[in-house]
Amino acid sequence: MNTPPVCNYEGSDYQTSFWDKGGRAYEDRTEAVALKRLLPPKGRLLLELGAGAGRNTPRYIGFDRIVLLDYSRTQLEQAQQRLGKSEKYYFVAADAYRLPFVDGLFDGATMIRVLHHMADAPKALGQVRNVMRPGGTFILEFANKLNLKAIFRYWLGRQTWSPFTLEPVEFARLNFDFHPRAIRNWLNELDFSIEKTLTLSRFRVGWLKRIVPTGILVFFDSLFQWTGALWQWTPSVFVRARRGKLNIHGEETYPRVTSLVAFFKCPDCGFLPLEDRKTYLECYSCGKKWEVKDGIYDFREPLK
Ligand SMILES: [Zn+2]
């Protein structure tokens, strides 16, 4: 199956180098504030796309169960260690372009700092839509090409790409910034309605972060996040969108899910249900076998 290239964090120390020791406390805390403002108070089953090492997972407290999905198995292993053994969490290694879930499964989904690595953003967003229940809440973060720094650099002739045009900009391999209107257009086309927009990280400036205490920067960032409803000029934007009431077939779907195995469909041929063989799940239609090992369901490549 042809899908766009994936930005793979396999074997990466991203959690340690970028978050724990990378001076990102300000960004992390502003995200916590935004999530508190956007998350529904209660939910049944949340899909966390690009969960990584589970940095944000404990913040989804209102949800009964959470599926952590990441392309990198080692990131999920770090998340398992961080979160500990719990019935509440499921771990799935899979490609966001070919999600291995039955339609209409989740009443919540989050995708934070993930679209940033998507060469085909509408395709990934369409996959999210399919696995969401009508009326479900989707919280999406994207990197904004229309940020003040990019605008000034463009005006000063220090940047060739225009922040004002709708196409994404790939400023480094598999690193994309998006125009807020392009994101809105894609979501609308997929029958998501946007309920709230917050702008974040307006003080993501090295010297500012060094001289001003993080708590103060977080406080002022929180104070202005709501202006995202009016304009979006910050490097990071959060939106809360609600999936349309009807599915693609024009009816409401609520899959009957009695066990974890019933969550899944074959990511290659779409067949369901998969047969539980303990160490793998088997697709009766195309014969592929998907590994289950140490609590991680792996749908990236079938077993040989
Ligand atoms: Zn199959």
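**A partly exposed tyrosine, a mixed sheet and a zinc site**

In this predicted model, Tyr154 counts as partly exposed because its relative accessibility is 30%, a value that falls between the limits of under 20% for buried and over 50% for exposed. Tyr154 belongs to helix α5, which covers residues 148-155. Leaving aside residues up to four places away in sequence, Tyr154 touches Gln159, Thr160, Trp161, Ser162, Pro163 and Phe164. Asp120 is 34 residues from Tyr154 along the chain, and 25 Å separates their C-alpha atoms.

Next comes the sheet. Eleven strands make up an open sheet with mixed pairing, in the order β8-β9-β5-β4-β1-β2-β3-β13-β12-β11-β10. Its edges are β8 (192-200) and β10 (275-276); each has a single partner strand, so one side of each is left without a neighbour in the sheet. The partner of β8 is β9 (residues 236-243), and the two run antiparallel, joined by eight bridges. Within this pair, Thr197 stands opposite Val239 of β9. Helix α2 (residues 25-38) packs on the sheet, where it touches β5 (132-143), β8 and β9, and its direction makes about 150° with that of β8. A further helix, α4 (residues 121-131), lies across β1 (43-49), β4 (106-111), β5, β8 and β9, and runs at about 150° to β5.

Strand β1 deserves a look of its own. Six of its seven residues are buried, so β1 is largely enclosed by the rest of the structure. On the β2 side (residues 63-70), β1 pairs in the parallel sense over six bridges, with Gly43 standing opposite Phe63. With β4, β1 also runs parallel, here joined by four bridges; Leu47 has Ala109 of β4 as its bridge partner. As a general guide when viewing such strands, side chains in a regular strand alternate between the two faces of the sheet.

The model also holds a zinc ion. Its protein donors are the SG atoms of Cys266, Cys269, Cys283 and Cys286, at 2.2 to 2.3 Å from the ion. Along the sequence, these donor residues follow the spacing C-x2-C-x13-C-x2-C. The arrangement is tetrahedral because the four donor atoms subtend angles of 100 to 119° around the zinc ion, within the range of 85 to 135 degrees required for that assignment. Two of the donor residues can be described by their accessibility. Cys283 counts as buried because its relative accessibility is 1%, whereas Cys286 is partly exposed, with a relative accessible area of 30%.

Note on methods:
Residues numbered from 1 in each chain as written. Predicted model: local features only at pLDDT ≥ 70, side-chain atom pairs only at ≥ 80, totals over all residues. Heavy atoms only, no water. Buried < 20%, exposed > 50% of the residue type's maximum accessible area, 1.4 Å probe, protein only. Contact = heavy atoms within 4.5 Å. Donors = N, O, S within 2.8 Å, 3.2 Å for Na, K, Ca; no water. Tetrahedral: all angles 85-135°; square planar, octahedral: opposite > 155°, others 65-115°. Pairing = 2+ DSSP bridges. Axes fitted to C-alpha atoms, helices over the stretch in contact; angles between N-to-C directions.
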